[in-house]
Amino acid sequence: MTESRAFPRFPAGFVFGAATASYQIEGAAREDGRGPSIWDTYSHTPGLVANGDTGDIACDHYHRYPEDVTLLRELGVDSYRFSIAWPRIVPDGSGPVNPKGLDFYARLVDELLAAGIEPAATLYHWDLPQALEDRGGWRVRETAERFAEYTAVVAGHLADRVPRWITLNEPWCSAFLGYSVGRHAPGAREGRGALAAAHHLLVGHGRAVEALRAAGVREAGITLNLDRNLPATGSAADRAAVVRADTQHNLVWTEPLLAGRYPHTEEETWGELITGQDFRRDGDLALIGQPLDFLGINYYRPIVVADAPHREPDPALRTATDNRYAEVRLAGARHTAMDWPVVPDSFTDLLVALKERYGDALPPIHITENGSAEHDEVSPDGAVHDRDRVAYLRGHLTALKAALDAGVDVRGYYVWSLLDNFEWAFGYGKRFGIVRVDYDTQRRTPKDSYHWYRAMIAAQRD
Ligand code: FCB
């Protein structure tokens with residue numbers, strides 16, 4: 001159905017995959033001993049998620065995982081990236097382990113292996129046990145310790161069958177959307193709390209890497225959503241705004257992880273919020289900066305940044321994200337259903353710039369998410385002809401290949417997402433799947449993008 005001439009060719013051994021996350025697809029929120037997470041609390045708070053949607057049922061993947069693994073097998077992917085729900089494993093955040101939670105992931109992993117698909121597990125894709133949030137969440141160091149304990153339990157159970165492990169997914173979202181903007185769980189609007197959360201997430205990552213090493217896993221890494229921030233104009237003010245945006249989105253993670261230091265631009269970015277902090281300890285940088293086997297990168301779009309005044313006039317209420325820049329709409333680009341601009345070249349640029357900045361300190365890269373939400377329609381023939389998504393994937397895989405050609409060591413690519421799912425504060429209204437989910441019947445329908453991706457993977461093996 002799709003012509004192969006347009007397929008980019010990747011080196012032998014390049015990993016093609018698809019990704020999902022626990023709270024977005026599993027459902028079964030109160031089943032088999034799962035405890036509540038911050039996303040249960042957040043989504044059940046009226047007015048926070050579009051349409052009042054929750055992850056209570058989601059794609060019912062908890063019960064339908066064999067069907068979903070069949071979809072993956074027919075797609076021909078090498079690997080499947082899923083996440084493990086911490087509150088299924090340690091329902092109260094600390095204390096007793098729930099064997100039924102471990103069993104679910106063991107069954108999923110066995111099903112994947114039987115289908116010839118390599119499992120790639122994310123340990124934290126945002127569903128913090130509510131009991132830990134009640135004790136301070138990521139604002140407090142204790143949460144990092146609990147995360148290490150949970151990691152040791154899961155890895156002790158699955159390390160022999162899961163080769164690739166990701167500690168955290170997009171800690172920027174956890175720290176800043178969760179504790180500063182309040183658009184993600186737990187919905188806090190704080191300044192210092194968000195910066196403390198960012199640091200404790202990194203400490204938790206470091207402690208989890210130690211636990212993964214102790215369990216003997218093959219590959220340990222972390223997934224970041226790095227941004228390509230572009231200045232709205234050439235003015236000095238807009239360029240300074242880009243420095244602040246880069247610090248908050250990128251350097252806050254990459255500097256400690258890859259260079260063993262905190263960003264030198266943090267004072268100009270956060271001012272008094274960071275100068276008076278007391279959450280960093282001696283030894284933290286060594287813990288955070290342990291060598292990684294790979295760096296996961298999620299990439300969707302570039303961001304155009306302009307200088308802007310503080311939105312909050314009262315300095316006492318200014319949050320960490322209110323740091324004097326605003327996002328500007330990119331003229332001339334197609335925008336997806338998320339209103340995100342489609343600019344594949346900036347994907348290449350981001351990867352090349354990262355390589356230039358960190359050189360040999362940059363581990364091999366896996367693109368752990370990339371994809372688009374589109375205004376899908378079901379045709380009278382029952383199919384979903386999602387041409388815009390196909391064009392997005394084609395464009396971004398071509399741009400990724402250009403980064404490889406420029407010398408960036410990228411080893412794999414996971415499309416986001418296998419299934420339409422619960423898109424956080426946007427609820428079910430935004431569809432990122434290459435497989436459509438009818439939420440009334442739970443029927444799965446592969447879209448044209450699924451068929452395109454399958455043909456693209458098959459063409460690599462010709
Ligand atoms: C990323 C998240 C993922 C999904 C996509 C669209 O930020 O990791 O769960 O929501 O965006």
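What is the volume of the second largest cavity? It comes to about 60 Å³, and the close-ups below start there. Keep in mind that this is a predicted model.

**Figure 1. The second largest cavity, with α8 in its wall.** Here we look into about 60 Å³ of space. Around it sit Ile-38, Trp-39, Tyr-124, Trp-126, Trp-138, Cys-173, Ser-174, Tyr-179, His-184, Ala-185 and Pro-186. Two elements, α2 (38-43) and α8, put two or more residues into that lining. Helix α8 is the top contributor, with 3 residues. Sorted by class, the lining has 9 nonpolar and 2 polar residues, and no charged ones.

**Figure 2. Helix α8, mostly covered.** This helix runs over residues 171-181, and 10 of its 11 residues are buried. Those buried residues are Pro-171, Trp-172, Cys-173, Ser-174, Ala-175, Phe-176, Leu-177, Gly-178, Tyr-179 and Ser-180. Cys-173, Ser-174 and Tyr-179 also turn up in the lining of the second largest cavity. Phe-176 is one of the residues with the most contacts inside the largest nonpolar core. Right after the helix comes Gly-182, with a positive phi of about 75°.

**Figure 3. The largest cavity and the helices around it.** A search of the whole structure turns up 4 cavities of 30 Å³ or more, and the largest holds about 100 Å³ of space. It has 13 lining residues, and Leu-195, Ala-198, His-199, Val-252 and Arg-280 are the ones nearest its centre. At least two lining residues come from each of α9, α10 and α11 (266-270). Helix α9 has the largest share, 4 residues. The class count for this lining is 10 nonpolar, 1 polar and 2 charged.

**Figure 4. The second largest pocket, with Leu-251 close to its centre.** This pocket offers about 330 Å³ of space. It is lined by 16 residues, and Asp-246, Asn-250, Leu-251, Ala-353 and Arg-357 are the closest to its centre. Strand β6 (228-231) and helices α10 (236-259) and α14 (344-358) each give two or more residues to the lining. By class, the lining splits into 7 nonpolar, 5 polar and 4 charged residues.

**Figure 5. Two residues of helix α10: Thr-247 and Leu-251.** Thr-247 has a relative accessible area of 0%, so it counts as buried. Leaving out residues up to four places away in sequence, Thr-247 touches Val-252, Pro-263, Thr-265, Glu-266, Thr-269 and Trp-270. Leu-251 is buried too, because its relative accessible area of 9% falls under the 20% cut-off. With the sequence neighbours up to four places away again left out, Leu-251 touches Asp-246, Pro-256, Pro-263, Thr-265, Arg-357 and Tyr-358. For a longer-range marker, take Gly-35: Leu-251 and Gly-35 are 216 residues apart in sequence and 34 Å apart in space, C-alpha to C-alpha.

**Figure 6. Helix α15 and what covers it.** The helix spans residues 387-405, 19 residues in total, and its first and last C-alpha atoms are 27 Å apart, close to the 27 Å expected at 1.5 Å a residue. Its buried residues are Arg-389, Val-390, Tyr-392, Leu-393, Gly-395, His-396, Leu-397, Ala-399, Leu-400, Lys-401, Ala-403 and Leu-404. The cover over them includes β1 (15-19), α14, β10 (365-369), β11 (410-416) and α16 (448-460). After the helix you meet Gly-407, with a positive phi near 100°.

**Figure 7. Leu-400 in the largest nonpolar core.** This core has 140 residues, and Phe-176, Leu-400 and Tyr-453 have the most contacts inside it. Helix α9 (residues 192-215) gives the most to this core, 11 residues. Apart from it lies another core, of 6 residues, including Ala-241, Val-242, Ile-303 and Val-305. Leu-400 itself touches Phe-10, Phe-14, Phe-347, Leu-351, Ile-367, Val-410 and Tyr-413, not counting residues up to four places away in sequence.

**Figure 8. Pro-99 in helix α5.** Is Pro-99 buried or exposed? It is exposed, because its relative accessible area of 53% is over the 50% cut-off. Pro-99 belongs to helix α5, residues 99-114. From Pro-99 to Ala-402 the C-alpha separation is 45 Å, with their positions 303 residues apart along the chain.

Terms used. Residues numbered from 1 in each chain as written. Predicted model: local features only at pLDDT ≥ 70, side-chain atom pairs only at ≥ 80, totals over all residues. Heavy atoms only, no water. 1 Å grid on protein atoms, 1.4 Å probe; cavity = no way out; pocket = protein on both sides within 12 Å on 5 of 7 lines; lining within 4 Å. Points joined across faces, edges and corners; volume = space filled by probe spheres on them. Nonpolar A, V, L, I, M, F, W, Y, C, P; charged D, E, K, R; others polar. Expected span 1.5 Å × (residues − 1). Buried < 20%, exposed > 50% of the residue type's maximum accessible area, 1.4 Å probe, protein only. Contact = heavy atoms within 4.5 Å. Core = buried A, V, L, I, M, F, W, Y, C linked by side-chain atoms within 4.5 Å.
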